[in-house]
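Dear colleague,

I am handing over the structure below, and what was found in it follows underneath. Please have it open while you read.

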Amino acid sequence: MDKFIDRVEAEADNYTEADWASADAEFVELSAELERNYSDMTEAEKDEVSKKLGRYYGLQTKRGLESAAQGVKNV
């Protein structure tokens with residue numbers, strides 16, 4: 001998950017809608033895998049998972065805000 005999020009963070013400014021769709025699909029798969037293993041994780045590992053998920057959700061939020069700002073600018 002770290003490598004995935006690092007890659008998305010590094011390339012996010014240049015992502016197209018297709019790139020985001022692909023990243024979102026990969027995120028769903030990775031999240032499902034983490035969820036399947038969640039009960040076997042230590043508290044420290046669970047905290048790390050939460051941070052990782054938060055990083056990706058932050059990127060999605062930034063994307064949404066930038067998209068909204070561009071929409072206002074276009075109006």
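**The largest pocket and two helices**

α3 gives five residues to the lining of the largest pocket, the most of any element. Please keep in mind that this is a predicted model. The pocket holds about 240 Å³ of space, and of the 11 residues lining it, A12, Y15, W20, R63 and E66 are the closest to its centre. The elements that give two or more residues to this lining are α2 and α3. By character, the lining of the largest pocket divides into six charged residues, four nonpolar and one polar.

Turning to helix α2, which covers residues 17–37, its 21 residues should span 30 Å at 1.5 Å a residue, and this agrees with its end C-alpha atoms, which are 30 Å apart. The buried residues of α2 are W20, A23, F27, S31 and L34, and because they cover an arc of only 75 degrees around the axis, they sit on the same side of the helix. This fits the general rule that an α-helix has 3.6 residues a turn, so that residues three or four places apart point the same way. On the face of α2 turned away from its buried side, you will find the exposed residues A18, V28, E29 and R36.

Helix α3, which covers residues 43–74, also contains K46. Is K46 buried or exposed? With a relative accessible area of 16%, which is under the 20% cut-off, K46 counts as buried. Leaving aside its neighbours within four places in sequence, K46 is in contact with Y38 and M41.

With best wishes

Key:
Residues are numbered from 1 along each chain as its sequence is written. This is a predicted model: local features need pLDDT of at least 70, side-chain atom pairs count only at pLDDT 80 or more; totals for chains, interfaces and linings use all residues. Side-chain values use heavy atoms; hydrogens and water are left out. Helices (H or I, at least four residues) and strands (E, at least two) are DSSP runs, numbered from the N terminus. The expected span of a helix is 1.5 Å times one less than its number of residues. Buried means under 20% relative accessible area, exposed over 50%, partly exposed in between (1.4 Å probe, protein chains only). The arc is that of the directions from the helix axis to the C-beta atoms. Contact means heavy atoms within 4.5 Å. On a 1 Å grid over the protein atoms alone, a cavity is a set of points where a 1.4 Å probe fits but cannot get out, and a pocket is an open set with protein on both sides within 12 Å along at least five of seven lines; lining residues have an atom within 4 Å of a point. Grid points are joined across faces, edges and corners, and a volume is the space filled by probe spheres set on the points. Ala, Val, Leu, Ile, Met, Phe, Trp, Tyr, Cys and Pro count as nonpolar, Asp, Glu, Lys and Arg as charged, and the others, Gly among them, as polar.
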